[in-house]
Amino acid sequence: MKLAMLLALAACQSGGGDDFGPGGGGGGPIGIGGNGSGDAGTADGGGGASMPVSGRVCILKDLRQPTLCDDTKDASRLVLTLGSGPAVALSKLGAFSFSAQLGTELTWHVRGAVVDQVIPSVMAFGTDNTIPVIETGLYTDFLNSVGVEIPDQQGSIVVRVLSGGIAASGVAATTTLPATNGTFYDGSTPLNWASTTTGSFGVVWFPGVALANRPPTTAQIGLSVLGGPPPVTTTATVENLSITFVTRDLK
């Protein structure tokens, strides 16, 4: 199935740049729930304790750099949700601030408000709320650079590997799920991807991970340095025709 099907199905899932800190891309889930009101002073109507949540939806210019945002892009038309909460208001630069009710383990989702705008993003709520998303045209360029087409019932994973908060090079990755199109690592240019270990940006890309017969599809990912300590593991929940972003520090 061609990329046109990817775009159509993805739509149904309803300059300069700022280099954000090493926590970008999400950590382990934290139990909260959001009302998405854009008002940091009010909570969802459940009446429980609430906490302020702020961050940024980061439109990428380079898949190898999931925390480098393209400030020339207007993120205000994107749709951000946290768990089952309503859409969160975004500024043109993607900034948001709202009050979230404590309670439920949640996941961030970003999608386009119009057809083919972006590839939907998935990221666990964690200590950092910089949520990457990539425009459809640019992601198509990356897929073409590695000769990959993603059909229905597949998703992708992007893992940013750190060591003490710094991008970790020389890391190899494995996953428990079938990565039907192989595993790719950041190379010397945006459209040049390696096949052995991470480069200077410490990014692993699994484009095209088959979904399980019954959701959710959770991949266990092993990250290891040749000749180093035992692999460090992380998990990623894969969704259809979406990109799940994960950050894992080896230390």
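## The disulfide

This is a predicted model, and its disulfide count comes to one. The bond runs between C58 and C69, with the two sulfur atoms 2.1 Å apart. That separation falls within the 2.5 Å allowed for a pair of cysteine sulfur atoms, so the pair counts as a disulfide. As for its hand, the torsion about the S-S bond of C58 and C69 is about -120°, which makes the disulfide left-handed.

Where do C58 and C69 sit in the chain? C58 belongs to strand 3 (residues 50-59), while C69 is part of strand 4 (residues 68-70). The two cysteines are 11 residues apart, and the pair links distant parts of the chain. Are C58 and C69 buried or exposed? Both C58 and C69 are buried.

## A three-stranded sheet

Now for one of the sheets. Three strands make up an open sheet in the order 13-17-18, and the pairing is antiparallel. Which strands are at the edges? They are strand 13, covering 171-175, and strand 18, covering 232-238; each of these pairs on one side only. On average, neighbouring strands of this sheet are turned by 30° against each other, with direction ignored.

Zoom in on strands 17 and 18 and there is some detail to pick out. Strand 17 takes in residues 217-225, and its antiparallel pairing with strand 18 extends over seven bridges. For a specific spot to look at, try G222: its bridge partner in strand 18 is T233.

## The protein as a whole

Stepping back, the secondary structure adds up to two helices and 19 strands. The protein has 251 residues, and 46% of them count as buried; C58 and C69, the disulfide pair, are buried too.

As for the outside, the accessible surface is about 10700 Å². Carbon and sulfur atoms account for 54% of that surface.

## How confident is the model?

The average pLDDT for the protein is 83, and 78% of the residues score at least 70. Which stretches have pLDDT under 50? One is residues 1-16, where the value stays under 50 throughout. Even so, the model has 34 contacts for residues 1-16 beyond four places in sequence.

Residues 19-47 are another such stretch, with pLDDT below 50. Here the model shows 102 contacts beyond near neighbours in sequence. Keep the scores in view when looking at those contacts: pLDDT is the predictor's own confidence in each residue, on a scale from 0 to 100.

How values were computed:
Residues numbered from 1 in each chain as written. Predicted model: local features only at pLDDT ≥ 70, side-chain atom pairs only at ≥ 80, totals over all residues. Heavy atoms only, no water. Pairing = 2+ DSSP bridges. Helix = DSSP H or I, 4+ residues; strand = E, 2+ residues; numbered from the N terminus. Axes fitted to C-alpha atoms, helices over the stretch in contact; angles between N-to-C directions. Buried < 20%, exposed > 50% of the residue type's maximum accessible area, 1.4 Å probe, protein only. Areas by Shrake-Rupley, 256 points an atom, 1.4 Å probe, with all protein chains shown as cover. Contact = heavy atoms within 4.5 Å.
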